[in-house]
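Dear colleague,

I am passing on the structure we spoke about, so that you have it in front of you while you read. My notes on what turned up in it follow below.

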Amino acid sequence: MSTAAAQGGEKPALRKPVFVKVDQLKPGTNGHTLIVKVVSATPVPGRVRTGAPASSSARAPRIAECLVGDETGSIIFTARNDQVDLLKAGATAILRNAKIDMFKASMRLAVDKWGRVEATEPASFTVNEENNLSQVEYELVNVAE
């Protein structure tokens with residue numbers, strides 16, 4: 001590392017994003033960048049947390065489960081707060097630094113605070129809803145070495 005980089009004089013070169021397709025997603029992976037089209041968005045009703053101060057209940061997190069995908073397959077994306085506004089049915093978005101979360105033995109796509117959801121121009125592909133990766137059930141198996 002050069003002294004200029006150590007002092008913050010020059011920025012490290014950013015990696016070019018490698019776009020992946022939905023059918024390439026695997027459980028427990030992260031750092032994915034993909035272009036998806038939203039098929040449907042279903043708001044998840046907010047739960048009232050017991051034991052929380054009354055002031056925090058005014059700003060309950062907004063969550064929606066969105067079926068998103070590309071021409072290779074589809075997956076459920078868990079949209080949180082501002083992401084819910086971007087991911088309406090029919091919208092096209094670029095998901096940067098997305099990760100795969102496991103929920104009830106099935107894969108869900110999510111973007112946390114280190115990733116980004118960006119609206120983009122409408123995509124020309126049609127979503128392949130036949131290959132829904134969230135409908136595949138996975139079982140965690142520990143392998144002894």
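To begin with the charged side chains, the count comes to seven salt bridges, in what I should say at once is a predicted model. One of them joins K21 to E71, with the closest N and O atoms 2.8 Å apart. Because K21 belongs to the loop between helix 1 (3–6) and strand 1 (30–44), while E71 belongs to the loop between strand 2 (63–70) and strand 3 (73–80), this pair ties together parts of the chain that are 50 residues apart in sequence. As for accessibility, K21 counts as partly exposed at 35%, and E71 likewise counts as partly exposed, at 36%.

Another salt bridge is formed by R62 and D85, for which the closest N and O atoms are 3.1 Å apart. This pair, too, links distant parts of the chain, since R62 sits in the loop between strand 1 and strand 2 and D85 in helix 2 (residues 82–86), 23 residues apart. R62 has a relative accessibility of 38% and is therefore classed as partly exposed, and D85, with a relative accessible area of 41%, is partly exposed as well.

The side chains of E118 and R116 also meet in a salt bridge, at 3.4 Å from N to O, but here the two partners contrast in their surroundings: E118 is buried, with a relative accessible area of 17%, whereas R116 counts as exposed at 53%. This pair does not stand alone, as R96, R116 and E118 are linked in a network of salt bridges.

Aromatic rings can be dealt with briefly. The structure holds zero aromatic pairs, although one ring does have a charge over it: the charged end of K37 sits over the ring of F125, 5.5 Å from its centre.

Turning to the overall layout, the protein chain has two helices and six strands, which follow one another along the sequence in the pattern α-β-β-β-α-β-β-β. Of its 145 residues, 32% count as buried. If one takes the contacts in the chain with a separation of 6 or more, residues 24 or more positions apart account for 66% of them.

Which residues have the most contacts inside the largest nonpolar core? That core has 23 residues, and the ones in question are L25, L34, I75, F77, L95 and L109. Strand 1, strand 2, strand 3, strand 4 (92–103) and strand 5 (106–110) each supply at least two residues of this core, and strand 4 gives the most to it, with four residues. For L109, leaving aside neighbours within four places in sequence, the contacts comprise L25, L34, V68, I75, I76, F77, T78, L95, A98, K99 and I100.

Two further buried residues may be useful when you look through the model. A110 lies in strand 5 and counts as buried at 5% relative accessibility. Its C-alpha atom is 5.7 Å from that of A98, with the two residues twelve apart in sequence. Beyond residues up to four places away in sequence, A110 touches F77, T78, A98, K99 and D101.

L133, for its part, is placed in the segment after strand 6 (116–119), and at 9% relative accessibility L133 counts as buried. The residues that L133 touches, again not counting those up to four places away in sequence, are V22, D23, L25, S74, I75 and M107. The C-alpha atoms of L133 and Q24 are separated by 10.0 Å, with their positions 109 residues apart along the chain.

Finally, a word on confidence, which I would ask you to keep in mind alongside everything above. The protein chain averages a pLDDT of 80, and 81% of the residues score at least 70. Over residues 1–5, however, pLDDT stays under 50, and for this stretch the model has five contacts beyond four places in sequence. Where pLDDT is low, the predicted coordinates should not be read in detail.

With best regards

Notes:
Residues are numbered from 1 along each chain as its sequence is written. Side-chain values use heavy atoms; hydrogens and water are left out. Rings of Phe, Tyr and Trp (its six-membered ring) pair if their centres lie within 6.5 Å; planes under 30 degrees apart count as stacked, over 60 as edge-to-face and the rest as tilted. A charge sits over a ring if NZ of Lys or CZ of Arg is within 6 Å of the ring centre and within 35 degrees of the ring normal. pLDDT is the predictor's confidence in each residue, from 0 to 100. Contact means heavy atoms within 4.5 Å. A salt bridge is a side-chain nitrogen of Lys or Arg within 4 Å of a carboxyl oxygen of Asp or Glu. Buried means under 20% relative accessible area, exposed over 50%, partly exposed in between (1.4 Å probe, protein chains only). A nonpolar core is a set of buried Ala, Val, Leu, Ile, Met, Phe, Trp, Tyr and Cys residues joined through side-chain atoms within 4.5 Å.
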